[in-house]
Amino acid sequence: MENDYILKERVENKKLLELMRKMRKERTSQNMLDVLSEAAGCTFIVPIEIVNDTFSFHAVGDNKGRKFMVSFSDSDSFDINKKDDDQRAVTSSFVDLIDAACQENLGLDGVIINPGSEEVILGKEMLKDILKNMSPDNQVKIGDPDHYPVDMKKMVAEFCKDEPSISKVYVRFFQNDDATSQGWLFIVECSANASQRQYIFDTFNRFMKPYCDGLDSFVAGTDEDYVANATEGVTPVYEKA
């Protein structure tokens with residue numbers, strides 16, 4: 001992030017803004033992937049406060065008790081929302097933005113871009129892993145696998161039988177355009193609270209790694225916006241009786 005706290009140069013990301021507005025109207029997994037893919041090549045504005053030569057990020061909370069780092073996609077969005085003309089901020093690449101938001105000592109749950117308007121929330125559970133698969137020219141798509149690895153379905157059920165908070169698990173396959181990055185997305189319906197759920201998801205992902213044919217694997221909750229339509233018309237591989 002730049003060490004320039006009063007921003008003078010304008011930041012514009014017109015295509016990203018269009019994709020965010022589309023995502024706001026229709027929260028589908030593909031729209032979210034399009035936003036992430038475009039965001040990977042963009043510069044963002046992050047408002048900060050400086051006290052005793054130490055700066056801190058702005059954060060907002062939601063009704064689930066989660067906290068998100070505030071960021072803006074462009075200068076116009078920042079100007080509309082800043083407190084005053086002396087509001088300090090840094091510019092950041094998408095990679096640096098995510099790295100900052102995912103620092104454990106900050107206790108954040110991700111990033112919110114353009115709060116109150118286009119407002120796209122990026123949870124940190126998947127961002128660290130999926131970020132490396134994103135580029136402006138290489139789209140990532142989610143769909144049905146042509147086959148499931150040996151024992152994958154059986155081991156999903158094996159894990160879930162000892163975890164009563166899990167009621168459903170969907171398995172989807174993701175791949176970028178040139179097939180250089182691909183893997184498994186487990187979408188889990190879970191009744192545990194936020195802190196317990198993150199532990200369950202991490203444990204589940206580690207448990208499933210040996211059954212993923214050596215490919216990457218990620219876990220998301222069914223309530224995450226960006227997987228909202230990824231389970232539509234799809235039969236779960238596990239469903240509690």
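Two strands pair here if DSSP finds at least two bridges between them, and helices (H or I, at least four residues) and strands (E, at least two) are DSSP runs, numbered from the N terminus. What you have open is a predicted model, where local features need pLDDT of at least 70, side-chain atom pairs count only at pLDDT 80 or more, and totals for chains, interfaces and linings use all residues. Residues are numbered from 1 along each chain as its sequence is written, and side-chain values use heavy atoms, with hydrogens and water left out.

Start with the strands. Select β1 (43–51) together with β5 (residues 88–93): the two run antiparallel over six bridges. Click Val46 and look across to its bridge partner in β5, Val90.

Now add β2 (residues 54–57), which pairs with β1 in the antiparallel sense over four bridges. Here Ile48 has Phe57 as its bridge partner. Zoom in on the β1–β2 hairpin, with its two residues between the strands, and you'll find Asn52 at a positive phi near 55°.

Next, select helix α1 (residues 14–25). Its 12 residues should span 16 Å at 1.5 Å a residue (1.5 Å times one less than the number of residues), and the end C-alpha atoms sit 17 Å apart, which agrees.

Show the side chains of Leu16, Leu17, Leu19, Met20 and Met23, the buried residues of α1 (under 20% relative accessible area, 1.4 Å probe, protein chains only). Look down the axis: these buried residues fall within an arc of 165° (taken from the directions from the axis to the C-beta atoms), so they line one face of the helix. Turned away from that buried side are Lys14, Glu18 and Lys25, which are exposed (over 50%).

Last stop: what covers those buried residues? Contact means heavy atoms within 4.5 Å, and the cover includes α2 (29–39), β1, α3 (75–81), β6 (110–113) and β7 (120–123).
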